[in-house]
Amino acid sequence: MDEADVRELLAGVRDPDLDADIVSLGLVNSIEVDGEVARVSLALGAPYSPGETAIADRVREVLGDAGLEADLSARVDDGSGDDVLPGVSNVIAVASGKGGVGKSTVAVNLAAGLADRGARVGLFDADVYGPNVPRMVAADQHPNATADETLIPPEQFGVKLMSMAFLVGEDDPVIWRGPMVHKVITQLTEDVEWGQLDYLILDLPPGTGDTQLTVLQTIPLTGAVVVTTPQQVAVDDARKGLRMFGRHDATVLGIVENMSTFVCPDCGGEHDIFGAGGGEAFADDVDMPFLGSIPLDPAVRAGGDAGEPAVLGDSEVGDAFRSVTDAVADMVGVVRRRAHLRDATEPAEH
């Protein structure tokens, strides 16, 4: 069996999101056959995402049925070519149009959930005015500095962490104008030894201010997750945040609805304290993927205060966070594979 035979076999493996086989989509980078071993490089860019894991498993199954052992590797080139954060494969911003919707909670649980799946993950608390991620993961170890004054981020739950909270006093307010925000955001991304990461999660401050503008102008985002609660006021502000990303040609991965239905622990009754379905209706209205909803559960607040992300626990809300994590990772994969396909089919510039 040679390369052409293997390529023919792989033409039977479909990408369910792009609705075509992986060969015609250009998702097979290379094939090398060595006896009964087929070494295949696939253009997959979202490590540990359920969707891309399923594609890889299907490739192994097809090759195995033909009597071949599959030796798979993954590499996707989306044409970004950016020198900023060169060791980071995917940068995901978690944003909201207003405060109080649980954006940081989603960011923390997304990072911890990806790390729990096996991914190499960093979490940058870019909310310079209200950095609270270290408390939410019980991180009391501050960064170390190397001889050339770069920062080595501490780790918690397998996640590398960086936050303004490490650099200022616990009760000290941060009162900065735009240029200072720009400088510190740049330093806390470029002057940190992030190493090789599959995902870097950015917890943005609420709104559409200087920090968001700096991130959009300087950091190569793979995509953004917009968090809202079901209530119309939050949805209205989330719409403004969505427009901000659109004006800067930044990809939005989808919408997460936080603080959905509350289930009374005493009576079992369901209560829509902040309304119902607002996030999903918003996603449908703006033609964006709905990444899932998180129930309103006191365990989330308790876990945040205690530094124990709910996504790591065995509970209904833990299941909800894991579902959102899977959906986000799958959308990263779709975005990366679409970019690879686009770059492969566009004529080269001269």
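## Asp326 and its salt bridge

At 23% relative accessibility, Asp326 counts as partly exposed (that label covers the range between buried, under 20% relative accessible area, and exposed, over 50%, using a 1.4 Å probe and protein chains only). This is a predicted model, where local features need pLDDT of at least 70 and side-chain atom pairs count only at pLDDT 80 or more, while totals for chains, interfaces and linings use all residues. Residues are numbered from 1 along each chain as its sequence is written, and side-chain values use heavy atoms, with hydrogens and water left out.

Which side chain does Asp326 meet in a salt bridge? Its partner is Arg117, at 2.8 Å from N to O (a salt bridge here is a side-chain nitrogen of Lys or Arg within 4 Å of a carboxyl oxygen of Asp or Glu). That pair links distant parts of the chain, with Asp326 in helix α10 and Arg117 in helix α3, 209 residues apart. Arg117 is partly exposed too, with a relative accessible area of 34%.

## Helix α3

Helix α3 covers residues 103-117 (helices are DSSP runs of H or I with at least four residues, strands are runs of E with at least two, and both are numbered from the N terminus). Its 15 residues should span 21 Å at 1.5 Å a residue, and the end C-alpha atoms are indeed 21 Å apart (the expected span is 1.5 Å times one less than the number of residues). Most of α3 is covered, with 13 of its 15 residues buried. Right after the helix comes Gly118, whose phi is positive, near 120°.

## The Arg337 network

The count for the model comes to 17 salt bridges. In one of them, Asp15 and Arg337 meet at 2.6 Å, N to O. Asp15 lies in strand β1 (residues 14-15) and Arg337 in helix α10 (residues 316-345), so this pair ties together parts that are 322 residues apart in sequence. Asp15 and Arg337 are both buried.

Arg337 also forms a salt bridge with Asp17, with the closest N and O atoms 3.2 Å apart. Here again distant parts of the chain are linked: Asp17 sits in the loop between β1 and β2 (20-21), 320 residues away from Arg337. How do the two compare in accessibility? Arg337 has a relative accessible area of 1% and is buried, whereas Asp17, at 42%, is partly exposed. Add Glu52, and you have a network of salt bridges linking Asp15, Asp17, Glu52 and Arg337.

## How α2 meets α10

Glu52 also turns up where two helices pack: Pro50, Gly51, Glu52 and Ile55 in α2 meet Asp326, Asp330, Gly333 and Arg337 in α10 (contact means heavy atoms within 4.5 Å). The axes of α2 and α10 are 7 Å apart and cross at about 65° (axes are lines fitted to C-alpha atoms, for helices over the stretch in contact, and angles run from 0 to 180 degrees between N-to-C directions). The two helices are therefore roughly perpendicular (65 to 115 degrees counts as that; under 35 is roughly parallel, over 145 roughly antiparallel and the rest oblique).

## The three-stranded sheet

Three strands make an open sheet with mixed pairing, in the order β3-β4-β5 (two strands pair if DSSP finds at least two bridges between them). The edge strands are β3 (28-34) and β5 (69-74), and the twist averages 15° from one strand to the next. Six bridges join β3 to the antiparallel strand β4 (residues 37-42), and Val28 has Leu42 as its bridge partner in β4.

Two helices lie across this sheet. Helix α1 (residues 3-10) crosses β3 and β4, running at about 130° to β3. Helix α2 (residues 50-65) lies across β4 and β5, at about 155° to β5.
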